[in-house]
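Open the model in a viewer and keep the sequence panel visible. The stops below are given in the order in which to select them.

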Amino acid sequence: MTTLHPCLTCGACCASFRVDFSVHETEELGGCVPDGLVVPVTDHTARMRGTDHAQPRCSALTGQVGLRAACGIYEWRPSPCREFEAGSAACNRARQRHHLPVLDGLVL
């Protein structure tokens with residue numbers, strides 16, 4: 001039996017944090033993040049749509065947090081998402097916010 005990576009049954013980080021990144025990561029400026037999922041913040045900074053709400057939820061998140069979740073643009077996600085570590089302190093804060101058990105250590 002294959003066990004799913006915990007991120008595929010979680011998605012809490014995608015529904016907990018504001019995701020800001022360089023505008024150079026957007027399709028418009030030669031990057032990969034789809035322009036339709038981006039909100040301009042400044043001349044230099046963009047944000048994933050939906051992550052600046054009082055109850056954030058990235059517009060690229062599919063599924064239901066805590067059950068089955070995935071990034072709809074995983075291959076094209078921005079750098080903060082690429083750098084986020086499963087099992088980190090930030091991950092466990094997001095999991096707790098959504099009433100999910102913490103992960104014991106970093107998950108590869």
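Start with His-99, just after helix 2, where phi is positive at about 60 degrees. Helices (H or I, at least four residues) and strands (E, at least two) are DSSP runs numbered from the N terminus. This is a predicted model, in which local features need pLDDT of at least 70 and side-chain atom pairs count only at pLDDT 80 or more, while totals for chains, interfaces and linings use all residues. Residues are numbered from 1 along each chain as its sequence is written, and side-chain values use heavy atoms, with hydrogens and water left out.

**Helix 2**

Step back to residues 89–97, which make up helix 2. Its buried residues are Ala-90, Cys-91, Asn-92, Ala-94 and Arg-95. Buried means under 20% relative accessible area, exposed over 50%, and partly exposed in between (1.4 Å probe, protein chains only). An α-helix has 3.6 residues a turn, so residues three or four places apart point the same way.

Pick Asn-92 within this helix. Why does Asn-92 count as buried? Its relative accessibility is 12%. Then add Asp-104: the two are 12 residues apart in sequence, and their C-alpha atoms are 9.0 Å apart in space.

**The cysteines**

Select the cysteine sulfurs next. How many disulfides does the structure hold? The number is zero, where a disulfide is a pair of cysteine sulfur atoms within 2.5 Å. For Cys-10, the closest cysteine sulfur is in Cys-91 at 5.9 Å, which is too far for a bond. Cys-13 is likewise in no disulfide, with the sulfur of Cys-14, the nearest, 3.9 Å away. Colour by accessibility: Cys-10 is buried at 7%, whereas Cys-13 is partly exposed at 27%.

**The largest pocket**

Keep Cys-13 and Cys-14 selected and add Cys-7, Tyr-74 and Cys-81: of the 35 residues lining the largest pocket, these five lie nearest its centre. The pocket holds about 760 Å³ of space. A pocket is an open set of points on a 1 Å grid over the protein atoms alone, where a 1.4 Å probe fits, with protein on both sides within 12 Å along at least five of seven lines; lining residues have an atom within 4 Å of a point. Grid points are joined across faces, edges and corners, and the volume is the space filled by probe spheres set on them.

Strand 5 (68–71), helix 1 (79–83) and helix 2 each supply at least two lining residues. The lining divides into 28 nonpolar, two polar and five charged residues. Ala, Val, Leu, Ile, Met, Phe, Trp, Tyr, Cys and Pro count as nonpolar, Asp, Glu, Lys and Arg as charged, and the others, Gly among them, as polar.

**The three-stranded sheet**

Finish on the open sheet of three strands, with order 1-3-2 and antiparallel pairing. Two strands pair if DSSP finds at least two bridges between them. At the edges are strand 1 (20–22) and strand 2 (38–40), each pairing on one side only.

Strand 1 meets strand 3 (residues 45–48) over three bridges. Here Phe-21 stands opposite Ala-46, and Ser-22 opposite Thr-45. Strand 2 is also joined to strand 3 by three bridges, with Pro-40 opposite Ala-46. Strand 2 and strand 3 form a hairpin with four residues between them.
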